[in-house]
Amino acid sequence: KRIWLASVDVHTFVRCEQVSTLGRRCLPAPLSTPTSSRLYCICSPPTCSTKISMVFVLLVALQLPLANFASAAEAAVASCFTPRLAQTLVACNPSIVGGWRKQSVVVLDGVLGREACERLRSEAEAIRSRGLLERAESSGDVMATQVTPDDDSMRRAATTLTALPRAIARAVGRRINDEVRGRQASGEAMSCLVEDGAHTNKLAVVETDGGAYLKHVDSILAGGMDPRKLTAIYYLNPNWSEAQGGHLRAWDAVVVGGDGGEAGPPAGGDGAVRVAPRGDRLVLFWSDGLVHDVEPLRIASEADHRWALTTWHLAADPAADRSLAQGLDPWLDVRHFGAPLTSLTAPARRLATRSLADACGRALQVMTRR
C-alpha cells in the first residue's frame with residue numbers, strides 16, 4: 001500500500017504526492033509559503049479535482065513548512081550572503097581599521113521571496129494588534145518589541161517571524177566566522193561572532209508621519225559592555241514606494257550589492273549614502289562602526305508604516321574585541337557627534353598616565369624590598 005500526502009491551499013486541492021509506507025517524505029517546503037495557508041494531510045488517493053473538507057484538514061494537518069521555515073530561511077540567507085560579501089564586510093571591521101576607513105553596507109534583495117515577506121508583515125501587524133509593542137526608548141516615533149518564540153502569545157501571533165532572527169544569526173554568523181578564522185590563521189587579531197543562533201533583536205515600526213531615527217552608532221559602550229557586533233536589518237515593507245521616504249542613511253560608507261560591487265545612488269550633499277527600506281531586503285553592517293540614521297517618513301495610512309526586524313549578532317568575546325573594548329571611536333565622535341578635537345588625545349593621555357603609574361608602582365615596590 002501507499003499513502004498519499006495531499007498539499008492543500010486553503011479550500012482547494014493543489015497537488016498530491018505519493019509517500020512510501022516506510023515514512024520517507026519527499027515534500028516540497030516552499031519558502032514563499034511558510035505558513036498554515038499550505039497544509040499537508042494524510043488521505044486516500046484523490047484526483048486533482050477533489051475538494052477536501054477544511055475540518056478534516058485542520059484535524060490531521062501536518063504543518064511541515066512551518067517546522068521547516070527556520071532551516072529554509074537560514075539556507076536562503078546563506079545563499080545570498082556569499083563568502084565574497086563576507087570578505088568585503090570583514091575587511092572593514094572596526095576592530096582592525098578604526099574609524100578612519102569607510103564602512104561597507106551590504107544590501108541583499110529578494111532574500112525570502114515576496115510572499116514570505118507579506119506573511120511576515122501580517123504577523124508583525126498581528127503582534128501589534130495584540131498590544132505587544134511598546135514605545136521605544138531610542139525614539140518617541142517608534143513602537144518596538146523583542147520577538148521570541150518563548151512568549152506563547154507572540155509565537156501564536158507570529159510563528160514564522162519569531163523564528164527568523166535566529167535563522168539570520170546562524171547563517172550570517174557562520175559566514176562571517178569562516179572569513180574571520182582565515183584571518184586569525186594569518187595572524188590578525190579579530191574576534192568571532194557567536195554562531196549558535198544566540199542574538200538580540202528588535203521588531204520596530206514607525207507609525208507617525210515625519211517619524212525618524214536620530215544619527216547614532218548601535219554599539220558604543222566601552223569595556224565590552226555591549227556585545228552587539230554586527231547588525232542585520234530585514235525590512236517588512238512589501239509595498240514600499242520612494243515617495244514614502246524612511247531611507248536608512250549612512251555616513252562614511254559605501255553600499256555593496258549582492259554581486260559584491262557598489263550599489264545604489266552615490267553619496268548626497270550631506271556625504272551620506274541611502275538605502276531604501278524595501279520589503280524582503282536584508283542589510284548588514286558593523287554595529288560598532290557605522291554612523292547612520294533613518295530619514296523622516298511620509299505616512300498617509302497604515303499601509304505606509306515602516307516595519308523593520310533588526311537582529312544583532314554578538315561577539316564571542318566582547319572584552320577581547322578591540323573596538324567593543326574601546327567604545328565609540330574618537331574619530332567618529334569628533335566627526336559626527338560634536339566631540340572636541342582634544343578628545344582624540346584622551347586615549348593617549350590615559351595610556352601615558354597608566355604607564356607612569358605602573359612605573360611608579362614598580363619603583364615603589366623595589367624601594368620597599370630594600
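How many aromatic pairs does a search of the whole structure find? The search returns zero such pairs. The structure discussed here is a predicted model, and every value below is computed from that model.

## Charges over rings

Although aromatic pairs are absent from the whole structure, rings do take part in another kind of arrangement. The charged end of Lys215 sits over the ring of Trp251, at 4.2 Å from the ring centre. The charged end of Arg228 is placed over the ring of Trp312, with 4.7 Å to the centre of that ring.

## The four-stranded sheet

Four strands form an open sheet with the order S8-S14-S10-S12, and their pairing is antiparallel. Strand S8 (213-216) and S12 are the edge strands; each has a single partner strand, and therefore one side of each lacks a neighbour in the sheet. On average, neighbouring strands of this sheet are turned by 20° against each other when direction is ignored.

Strand S14 (residues 291-294) pairs with S8 in the antiparallel sense over two bridges. Within S14, His292 is the bridge partner of His216. S14 also pairs with S10, again in the antiparallel sense, over four bridges. Here Asp293 of S14 stands opposite Arg249.

What covers the faces of S14, and which residues show it? Both faces are covered: Val291 and Asp293 on one side are buried, as are His292 and Val294 on the other. His292 and Asp293, the two S14 residues named above as bridge partner of His216 and as the residue opposite Arg249, thus point to opposite sides of the strand.

## The eight-stranded sheet

A further open sheet contains eight strands in the order S5-S6-S7-S15-S9-S13-S4-S11, and its pairing is mixed. Strand S5 (134-135) and S11 stand at its edges, and because each has a single partner strand, one side of each is left without a neighbour in the sheet. S11 runs parallel to strand S4 (residues 103-109), to which four bridges join it. Val106 has Val256 in S11 as its bridge partner.

## Residues in the loops

Several loop residues have a computed accessibility, and these values are gathered in the table.

| Residue | Loop | Relative accessible area |
|---|---|---|
| Asp252 | between S10 (248-251) and S11 (253-256) | 17%, buried |
| Asp280 | between S12 (272-275) and S13 (281-286) | 5%, buried |
| Gln244 | between S9 (228-235) and S10 | 8%, buried |
| Glu295 | between S14 and S15 | 15%, buried |
| Ala319 | between S15 (306-314) and H8 (322-326) | 54%, exposed |

Two of the aspartates in the table have a positive phi. For Asp252 the angle is about 50°, although this residue is not a glycine. Asp280, likewise a residue other than glycine, has a phi near 65°. The loop that holds Asp252 lies between S10 and S11; S10 belongs to the four-stranded sheet, and S11 to the eight-stranded one. The loop of Asp280 lies between S12 and S13, where S12 is an edge strand of the four-stranded sheet and S13 is part of the eight-stranded sheet.

Is Gln244 buried or exposed? Gln244 counts as buried because its relative accessible area is 8%, under the 20% limit. A polar atom of the Gln244 side chain lies 2.9 Å from the backbone nitrogen of Ser241.

Glu295 is also buried, at 15%. The side chain of Glu295 is joined to that of Arg274 by a polar contact of 2.9 Å.

Ala319 is exposed, with a relative accessible area of 54%. Which residue has its C-alpha atom 5.8 Å from that of Ala319? That residue is Gly223, and the two are 96 residues apart along the chain.

## Helix H3

Helix H3 spans residues 83-90, and its buried residues are Leu85, Ala86, Leu89 and Val90. These residues cover an arc of only 135° around the axis, so they lie on the same side of H3.

Technical notes. Residues numbered from 1 in each chain as written. Predicted model: local features only at pLDDT ≥ 70, side-chain atom pairs only at ≥ 80, totals over all residues. Heavy atoms only, no water. Phe/Tyr/Trp six-rings, centres within 6.5 Å; stacked < 30°, edge-to-face > 60°. Lys NZ or Arg CZ within 6 Å of the ring centre and 35° of its normal. Buried < 20%, exposed > 50% of the residue type's maximum accessible area, 1.4 Å probe, protein only. Arc of directions from axis to C-beta. Pairing = 2+ DSSP bridges. Axes fitted to C-alpha atoms, helices over the stretch in contact; angles between N-to-C directions. Polar contact = N/O pair within 3.5 Å; in protein donor to acceptor, adjacent residues only side chain to side chain.
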